[in-house]
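Me: Could you take me through one part of this structure up close? I'd like to look at charged side chains that pair up, and at what lies around them.

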Amino acid sequence: MAPGEMRWLALESNPTSFNAWSKSLGLDVAQFSFQDCYGLDDELLAWVKTPVKAVLMLFPITEGYEKARKAADGQIKDSEPETLSGVLWFPQTIANACGTFALLHALGNVTDVPLSEGPLTELFARARPLPPAERSSILATSDSLASAHSSAASEGTQTAVPDIDANVELHFVTFVEWKGRLVELDGRRKGPVDHGPIKIDLLHDAAVRVKEVVELTQSIQFNLITLSRTPADDE
């Protein structure tokens, strides 16, 4: 670990951990919650409860992916395009915290999701008018955020508690719909990535991008979680 580097325990791709984190910060998980998506085939996507508000992907960082990412980041302009105006994006400055950044990107860029007023809504309100670098400074000094992350990473909601000093080679990104467009939010990128107008819906359009990432990584080690309507007990 680099001297002075802030580092958190890594969150695994686990809806139970994500829902514990989100509930502690104000999400009404009885209405909307994070749920597993079991594959990319149309038959499996059809099982996902709607409406889908965000799609989170976990995948391995490989040489092929990094080469493509750096080339694509070179095309991202420093000035924010109109299509992305208002998107809340955080550069990741905390090691192993990509799970929390993915959750922030999901809940900070969705509408009609029951999120009660509290530390998280206050954080979003403070962050929106700031430049991205200053947004990350808010996260690094948020006790409520650090506490929620630590609890979700270590208190029985994960299948294993990781070593805080481990260099995790898996990474989370988030896909949301913004002004009718598919937007990829990743704290390791140069900024939000606009993948163009939604052609079918958020879930199916995100699945197309997920397949591209899988092809780049040349790995089947990936996982998908959606932020969707919580199923009723009898569903």
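How many salt bridges does a search of the whole structure find?

Reply: The search of the whole structure finds nine. A salt bridge here means a side-chain nitrogen of Lys or Arg within 4 Å of a carboxyl oxygen of Asp or Glu. Side chains of opposite charge can pair when their charged atoms come close.

Before we zoom in, keep in mind that this is a predicted model: local features need pLDDT of at least 70 and side-chain atom pairs count only at pLDDT 80 or more, while totals for chains, interfaces and linings use all residues. Residues are numbered from 1 along each chain as its sequence is written, and side-chain values use heavy atoms, with hydrogens and water left out.

Let's make Glu184 our spot. Its side chain forms a salt bridge with Arg209, with the closest N and O atoms 3.0 Å apart. The two partners come from distant parts of the chain: Arg209 belongs to helix 8 (residues 202–217) and Glu184 to strand 4, with their positions 25 residues apart. (Helices, H or I with at least four residues, and strands, E with at least two, are DSSP runs numbered from the N terminus.) Both Arg209 and Glu184 are buried, and buried means under 20% relative accessible area, exposed over 50%, and partly exposed in between, using a 1.4 Å probe and protein chains only.

Glu184 has another partner too: Arg189, where the closest N and O atoms are 3.6 Å apart. Glu184 counts as buried because its relative accessible area is 1%, and Arg189 is buried as well, at 8% relative accessibility. Now back to the bridge between Arg209 and Glu184. Through shared partners, salt bridges tie Glu66, Arg69, Asp73, Glu184, Arg188, Arg189, Arg209 and Glu212 into one network.

For contrast, try Glu82, whose side chain meets that of Lys179 in a salt bridge (3.9 Å, N to O). This pair also links distant parts of the chain, 97 residues apart: Glu82 is in the loop between helix 3 (63–73) and helix 4 (98–107), and Lys179 is in the loop between strand 3 (170–178) and strand 4 (181–185). Unlike buried Glu184, Glu82 counts as exposed because its relative accessibility is 62%.

So what is strand 4, the home of Glu184, part of? It belongs to an open sheet of six strands, in the order 1-6-2-3-4-5, with antiparallel pairing; two strands pair if DSSP finds at least two bridges between them. Strand 1 (32–37) and strand 5 (193–197) stand at the edges with a single partner strand each, so each has one side without a neighbour in the sheet. From one strand to the next, the twist averages 25°. Strand 4 pairs with strand 5 in the antiparallel sense over three bridges, and Val183 has Asp194 of strand 5 as its bridge partner.

Finally, look at what crosses the sheet. Helix 8, which carries Arg209, lies across strand 2, strand 3, strand 4, strand 5 and strand 6, at about 5° to strand 2. Contact here means heavy atoms within 4.5 Å; axes are lines fitted to C-alpha atoms, for helices over the stretch in contact, and angles run from 0 to 180 degrees between N-to-C directions. Helix 4 lies across strand 1, strand 2 (52–60), strand 3, strand 4 and strand 6 (223–229), running at about 5° to strand 3.
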